[in-house]
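This briefing goes through one protein structure helix by helix, and then turns to its cysteines, its pocket and its overall make-up. Please keep the sequence and the structure in view while reading.

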Amino acid sequence: MMIRLIGAFIAIAAFSILLETPKRYLWCAGCVGAAGWLVYLVSEKIGADEVLATFLSATVIAFVSHLFARIWKTPVTVFLIAGILPTVPGAGMYRIAYHVIAGNSEMAGHYLINTLELAGAIAIGIFLVGALFRVFQKGWKQNSLRYRKNE
């Protein structure tokens, strides 16, 4: 498991270079991806479904991305786009195309549904964390002293 975790870190850091992430954030982007991949691996190891493991992974990736964005005052996408890479169902998309070309529509349909479930889990995880951060951020601003002085 440790080798897979290190591999995920290196892959995300290298992919971040392709995305032109500033050099000072490459380490952080690698940590975001590795944290998400660790959650995915642990979730599968304890017997969670692939969709649930993907959802938990995407949620952790989004949460850590938002935290890093607040700490270093950068856009969330600096960490989120690269960090989500390990959970993207690329193999499922390949299998869909393969079975469509091979003429096996039953298997293509199976992989299509599975890939859509995984993509939906990723989208819901990112959306929920983003919405929670927005709600809490709005609450913090309303409860701040500066906001109350202007009333």
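In this predicted model, the face of α5 that is turned away from its buried side carries the exposed residues Y94, I101 and A102. The buried residues of α5, in turn, are G92, I96 and H99, and they lie on the same side of the helix because they cover an arc of only 80° around its axis. The points below begin with the rest of α5 and then take up other parts of the chain.

**Helix α5**
- Helix α5 comprises the 13 residues 90-102, which at 1.5 Å a residue should span 18 Å, and the C-alpha atoms at its ends are 18 Å apart, in agreement with that expectation.
- After α5 comes G103, a residue whose phi is positive, near 85°.

**Helix α1**
- Helix α1 takes in residues 2-18, and for these 17 residues a span of 24 Å is expected at 1.5 Å a residue, which agrees with the 25 Å that separates the end C-alpha atoms.
- Buried in α1 are L5, A8, I12, A13 and S16, and these residues are on the same side of the helix because the arc that they cover around the axis is only 125°.
- On the face of α1 turned away from this buried side, the exposed residues are I3, I10, I17 and L18.
- The cover over the buried residues of α1 includes α2, which runs over residues 26-45, and α4, which runs over residues 77-83.
- The residue E20, which follows α1, has a positive phi, near 60°.

**Helix α2 and its residue S43**
- The 20 residues of α2 should span 28 Å at 1.5 Å a residue, and the end C-alpha atoms of this helix are indeed 28 Å apart.
- Among the residues of α2 that are buried are L26, A29, G30, V32, W37, Y40 and L41, and the elements that cover the buried residues of this helix include α1, α3 and α4.
- S43 is also part of helix α2, and with a relative accessible area of 5% it counts as buried, the limit being under 20%.
- Leaving aside residues up to four places away in sequence, S43 touches A48, A53 and L56.
- Following α2 is G47, for which phi is positive and near 100°.

**Cysteines**
- Why do C28 and C31 not form a bond with each other? The sulfur of C28 has its closest cysteine sulfur in C31, at 6.3 Å, which is too far for a bond, given that a disulfide requires two cysteine sulfur atoms within 2.5 Å.
- Seen from the other side, C31 is in no disulfide either, its nearest cysteine sulfur being that of C28, 6.3 Å away, and the count of disulfides comes to zero.
- C28 is buried, with a relative accessible area of 7%, whereas C31 is partly exposed, with a relative accessible area of 27%.

**H66 in helix α3**
- H66 lies in helix α3 and is buried, since its relative accessible area of 11% falls under the 20% limit.
- When residues up to four places away in sequence are not counted, the residues that H66 touches are V76, V129, G130 and F133.

**Largest pocket**
- The largest pocket holds about 200 Å³ of space, and of the 16 residues that line it, those closest to its centre are E50, V88, P89, A91 and L118.
- Two or more lining residues of this pocket come from each of α2, α3 (50-72), α5 and α6 (105-143).

**The chain as a whole**
- The protein chain has seven helices and zero strands, so that its elements, taken from the N terminus on, run α-α-α-α-α-α-α.
- Taken along the principal axes, the C-alpha atoms of the protein chain fill a box of roughly 70 × 30 × 30 Å.
- Of the 151 residues of the protein chain, 35% count as buried.
- Among the contacts in the protein chain with a separation of 6 or more, 61% are between residues that are 24 or more positions apart.

Key
Residues numbered from 1 in each chain as written. Predicted model: local features only at pLDDT ≥ 70, side-chain atom pairs only at ≥ 80, totals over all residues. Heavy atoms only, no water. Buried < 20%, exposed > 50% of the residue type's maximum accessible area, 1.4 Å probe, protein only. Helix = DSSP H or I, 4+ residues; strand = E, 2+ residues; numbered from the N terminus. Expected span 1.5 Å × (residues − 1). Arc of directions from axis to C-beta. Contact = heavy atoms within 4.5 Å. 1 Å grid on protein atoms, 1.4 Å probe; cavity = no way out; pocket = protein on both sides within 12 Å on 5 of 7 lines; lining within 4 Å. Points joined across faces, edges and corners; volume = space filled by probe spheres on them.
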